[in-house]
Amino acid sequence: MKTQSFQPKRMNEDEGDSPKQVKYQKKNKPLEIEPELLNGHIPAGHIPKPIVMPDYLAKYPIIRRDEERDRYKAVFNDQFAEYKELSAEVHAVLKKFDELDALMRKLPQQPGNTLEHDRISKVLQEYQKKKNDPTFLEKKERCEYLKNKLSHIKQKIQEYDKIMNWNS
């Protein structure tokens with residue numbers, strides 16, 4: 001008697017246009033599913049993530065006149081002082097977190113008694129609380145924003161200076 005092996009039909013197998021492939025093992029359980037490539041359509045119910053453009057990209061376009069360059073330079077100088085102060089503060093906290101991370105790795109994984117276990121648990125909770133402190137996270141975010149904004153303004157000033165030097 002000849003036994004036939006049953007191969008389940010793959011999705012869109014007869015159409016041949018879908019790159020989605022399913023590999024099977026015993027009892028037809030899927031092993032691996034390759035992602036399906038979409039050809040120009042968005043699946044129903046898909047909500048794309050919005051692309052957030054920083055405000056400074058629109059606010060500080062290409063410089064066209066010396067007056068604009070002076071204004072950009074004044075903004076740069078004003079906000080650079082804030083960035084330096086904030087950056088020093090954020091980096092000091094991050095350095096402290098790195099030091100604490102190193103100490104945490106040295107703590108015993110299986111404390112000897114419950115008193116020691118409770119003490120370590122409290123320290124870990126306080127540490128996580130400080131790492132996720134909204135005030136610190138806000139300062140860190142502001143610091144990153146200022147860094148990017150100042151880089152953008154500096155680039156626009158340098159581009160303008162380069163063009164003006166070519167015209168001289």
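## Accessibility of the paired residues

A residue counts as buried under 20% relative accessible area, as exposed over 50%, and as partly exposed in between. The model described here is predicted. In this model Arg-65 has a relative accessible area of 48%, so Arg-65 is partly exposed. Glu-67, at 53%, is exposed, whereas Glu-68, at 16%, is buried.

Two further residues that take part in a salt bridge fall into the middle class. Glu-89 is partly exposed at 35% relative accessibility, and Lys-139 is partly exposed with a relative accessible area of 30%.

## Salt bridges around Arg-65

Side chains of opposite charge can pair when their charged atoms come close. The structure holds eight salt bridges. One of them joins the side chains of Arg-65 and Glu-67, with an N to O distance of 3.7 Å. Another joins Arg-65 to Glu-68, with an N to O distance of 3.8 Å. Both distances count as salt bridges because the cut-off is 4 Å between a side-chain nitrogen of Lys or Arg and a carboxyl oxygen of Asp or Glu.

Arg-65, Glu-67 and Glu-68 are thus linked in a network of salt bridges. The network includes the exposed Glu-67, the partly exposed Arg-65 and the buried Glu-68.

## A salt bridge between helices α2 and α4

Glu-89 pairs with Lys-139 in a salt bridge whose closest N and O atoms are 2.4 Å apart. Glu-89 belongs to helix α2 (residues 66-106) and Lys-139 to helix α4 (residues 134-166), so this salt bridge ties together parts that are 50 residues apart in sequence.

## Packing of α2 against α3

Helix α2 also has a contact with helix α3 (residues 114-131). The two axes come within 12 Å and cross at roughly 155°. Angles over 145 degrees count as roughly antiparallel, so α2 is roughly antiparallel to α3. The crossing of α2 and α3 is left-handed.

On the α2 side, the contact is made by Phe-97, Leu-100, Asp-101 and Met-104. On the α3 side, Val-123, Leu-124, Tyr-127, Lys-130 and Lys-131 take part. Sorted by class, the contact has six nonpolar and three charged residues, and no polar ones. The charged residues are Asp-101 of α2 and Lys-130 and Lys-131 of α3.

Notes:
Residues are numbered from 1 along each chain as its sequence is written. This is a predicted model: local features need pLDDT of at least 70, side-chain atom pairs count only at pLDDT 80 or more; totals for chains, interfaces and linings use all residues. Side-chain values use heavy atoms; hydrogens and water are left out. Buried means under 20% relative accessible area, exposed over 50%, partly exposed in between (1.4 Å probe, protein chains only). Helices (H or I, at least four residues) and strands (E, at least two) are DSSP runs, numbered from the N terminus. Axes are lines fitted to C-alpha atoms, for helices over the stretch in contact, and angles run from 0 to 180 degrees between N-to-C directions. Angles under 35 degrees count as roughly parallel, over 145 as roughly antiparallel, 65 to 115 as roughly perpendicular and the rest as oblique. A crossing is left-handed if the near helix is turned anticlockwise from the far one by less than a right angle, and right-handed if clockwise. Contact means heavy atoms within 4.5 Å.
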